[in-house]
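Me: I would like a close look at one part of this model, followed by the rest of the fold around it. Which classes of residue line its largest pocket, and how many of each?

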Amino acid sequence: MDFVVCFERDFGGTRPNFVAEGFMDALHRSRNEYKLLFVYLHSPDHPDTPVFCETILCNEDLVAFINENFVAWGGSIRASEGFKMSNSLKASRFPFCAVVMAATNQRIALLQQEEGPKSPEELLTVLERVIEESAPVLVTARIEAEERRNNIRLREEQDAAYRAALEADQVMFQICLSPLQVTL
């Protein structure tokens, strides 16, 4: 959350909608929303960082594309989680951006990483390609989740119908037994 506040203070409100939560929460969010996770590792001491943030990362077209197609997470390498992600993603040059997706067993799949300064157009082209290449995986995941939800809903409806039929049978059984008890 500190990263988001500091980034907005330093570079303004036109920026990717970085989630104000930890990396793993952002990764879960991206999986639940069937989106990829855009990761920006901020190195405040790097000489290219201010220009990159002002002219590239805060470019209106790039911001609109990221906000529409990704869950965005950012972290400063001065903070423990940003530093940890820098090591995990093996960032060697800054500015550093990556696109990841959730994999199995709390792991991530690194789909793309971009190190060093780029133009907004270059970064946008890379991100468009990653989205295009990953679309089948995301669509399949969305369809499978929808099928699971439909199967659960169908089972719940069937269980409710079975319970209703069972209750109706019990009522009928009670009605049928009532006259027999009176005549005996």
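Reply: Start with the classes: Ala, Val, Leu, Ile, Met, Phe, Trp, Tyr, Cys and Pro count as nonpolar, Asp, Glu, Lys and Arg as charged, and the others, Gly among them, as polar. On that basis the lining of the largest pocket divides into 10 nonpolar, 7 polar and 6 charged residues.

This is a predicted model, in which local features need pLDDT of at least 70 and side-chain atom pairs pLDDT 80 or more, while totals for chains, interfaces and linings use all residues. Numbering runs from 1 along each chain as its sequence is written, and side-chain values use heavy atoms, without hydrogens or water.

Now the pocket itself. Its volume is about 360 Å³. A pocket here is an open set of points on a 1 Å grid over the protein atoms alone, where a 1.4 Å probe fits, with protein on both sides within 12 Å along at least five of seven lines; lining residues have an atom within 4 Å of a point. Grid points join across faces, edges and corners, and volume is the space filled by probe spheres set on them. The lining has 23 residues, and Asp2, Phe3, Gly75, Ser76 and Ala79 are the closest to the pocket centre. Three elements each supply at least two lining residues: helix H1 (2-11), S2 and H5. H1 gives the most, with 7 residues. Elements are DSSP runs numbered from the N terminus: helices are H or I of at least four residues, strands E of at least two.

Where do these elements sit in the fold? The protein has 6 helices and 4 strands. From the N terminus, the order is α-α-β-α-α-β-α-β-β-α. S2 covers 70-76 and H5 covers 80-88. Contact means heavy atoms within 4.5 Å. Among contacts between residues at least 6 apart in sequence, 66% join residues at least 24 apart.

S2 and H5 also meet helix H2. The buried residues of H2 pack against both of them, as well as against S1 (36-42), S3 (96-102) and S4 (108-115). H2 spans residues 23-32, with Phe23, Ala26, Leu27 and Ser30 buried. Seen down the axis of H2, those residues fall within an arc of 100°, so they line one face of the helix. The arc is taken over the directions from the helix axis to the C-beta atoms. Buried means under 20% relative accessible area, exposed over 50%, and partly exposed in between (1.4 Å probe, protein chains only). Buried residues make up 36% of the 184 in the protein.

S3 and S4 lead to the enclosed space. A cavity is a set of grid points where the probe fits but cannot get out. The count comes to 1 cavity of 30 Å³ or more. The largest has a volume of about 30 Å³. Its lining is Phe38, Cys97, Ala98, Val99, Gln112, Gln113, Glu114, Leu123 and Leu127. S3, S4 and helix H6 (120-183) each supply at least two of these residues. By class, the cavity lining has 6 nonpolar, 2 polar and 1 charged residues.

Next, helix H3 (residues 49-57), where Thr49 lies. Its buried residues are Thr49, Phe52, Cys53, Ile56 and Leu57. Down the axis of H3 they fall within an arc of 115°, so they line one face. Val51 and Glu54, on the other side, are exposed. Thr49 has a relative accessible area of 2%. Beyond its neighbours within four places in sequence, Thr49 is in contact with Tyr40, His42 and Ser43. Pro50 is also in H3, but is partly exposed at 35%.

Pro50 points on to the loops. Its C-alpha atom is 9.5 Å from that of Pro95, though the two are 45 residues apart along the chain. Pro95 sits in the loop between H5 and S3. The peptide bond from Phe94 to Pro95 is cis, with omega near -5°. Lys90 is found in the loop between H5 and S3. Lys90 has a positive phi of about 55°, although it is not a glycine. Lys90 is exposed, with a relative accessible area of 65%. Tyr34 also takes a positive phi, near 55°, in the loop between H2 and S1. Most residues other than glycine have a negative phi, and most peptide bonds are trans.
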